[in-house]
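Let's take a walk through this protein chain together. Keep the picture open while you read, and check each point against it as you go.

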Amino acid sequence: VTLLAMGKESFERHFGKLQDLISRNVRRKKLLSIPSFAKAELAPYEINDILDRFEDVRFSKGETVAETGKWMHQGVIFLRKGKLRVTDENKGTVNMLVEGSYMG
């Protein structure tokens, strides 16, 4: 048996915590699944710069995430956990976003 091995301390010194590395890679894949980002032919450092600017934001059930013409109108969100109902004052529910969805 031949193994390729690295100690935990060495790994974390060079790459950070494994869970953080996995999470960042998942976010990178989500970002590049959006057609406008995928077609942009971004350099790796540009992708990393974009990812560094995202932050986890939590909302309680029933709380308003965004309203037309306000913050979210010019942003992008990825739904990491839970469900998000998209409503219109006149039409009611117009969409239901689930984990892995994006908007903006």
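## Contacts along the chain

Start with who touches whom. Counting contacts in the protein chain with a separation of 6 or more, 32% of them join residues 24 or more positions apart. Keep in mind that this is a predicted model, so every contact here comes from a prediction.

## How far to trust it

The average pLDDT of the protein chain is 84, and 93% of the residues score at least 70. Where is confidence highest, and where is it lowest? Helix α1 (residues 8-15) comes out on top with a mean of 94, while strand β4 (residues 102-103) sits at the bottom with 78. As a rule of thumb, predicted coordinates shouldn't be read in detail where pLDDT is low.

## The overall layout

Counting up the secondary structure gives 4 helices and 4 strands. Going from the N terminus, you meet them in the order α-α-α-α-β-β-β-β. The radius of gyration of the protein chain is 18 Å, and the globule rule gives 13 Å for 104 residues, so the chain is more spread out than a compact globule. To picture that, imagine a box of roughly 65 × 30 × 25 Å along the principal axes: the C-alpha atoms fill it.

## Surface and charge

How much of the protein chain is buried? Just 12% of the 104 residues. The accessible surface adds up to about 9,100 Å², and carbon and sulfur atoms own 51% of it.

As for charge, the side chains include 18 positive and 14 negative ones. If you find the centre of each set, the two centres lie 5 Å apart.

## A look at helix α1

The helix with the highest confidence is hardly covered: of the 8 residues in α1, the number that are buried is 0. Right after α1 comes G16, which has a positive phi of about 90°.

## Zooming in on V98

Now hop over to V98, which sits in the loop between β3 (92-97) and β4. Is V98 buried or exposed? It's partly exposed: its relative accessible area is 40%, and that label covers values from 20% to 50%.

Which residues does V98 touch, leaving out those up to four places away in sequence? The answer is L79, G82 and K83. You can also look for R85: V98 and R85 are 13 residues apart in sequence, and their C-alpha atoms are 8.9 Å apart in space.

Technical notes: Residues are numbered from 1 along each chain as its sequence is written. This is a predicted model: local features need pLDDT of at least 70, side-chain atom pairs count only at pLDDT 80 or more; totals for chains, interfaces and linings use all residues. Side-chain values use heavy atoms; hydrogens and water are left out. Helices (H or I, at least four residues) and strands (E, at least two) are DSSP runs, numbered from the N terminus. The radius of gyration is taken over C-alpha atoms; the globule rule is 2.2 Å times the number of residues to the power 0.38. Buried means under 20% relative accessible area, exposed over 50%, partly exposed in between (1.4 Å probe, protein chains only). Contact means heavy atoms within 4.5 Å. Accessible areas come from the Shrake-Rupley method with a 1.4 Å probe; for residues, only the protein chains shown count as cover. Lys and Arg count as positive and Asp and Glu as negative; His and the chain ends are not counted. The place of a charge is taken as NZ of Lys, CZ of Arg, CG of Asp or CD of Glu. pLDDT is the predictor's confidence in each residue, from 0 to 100.
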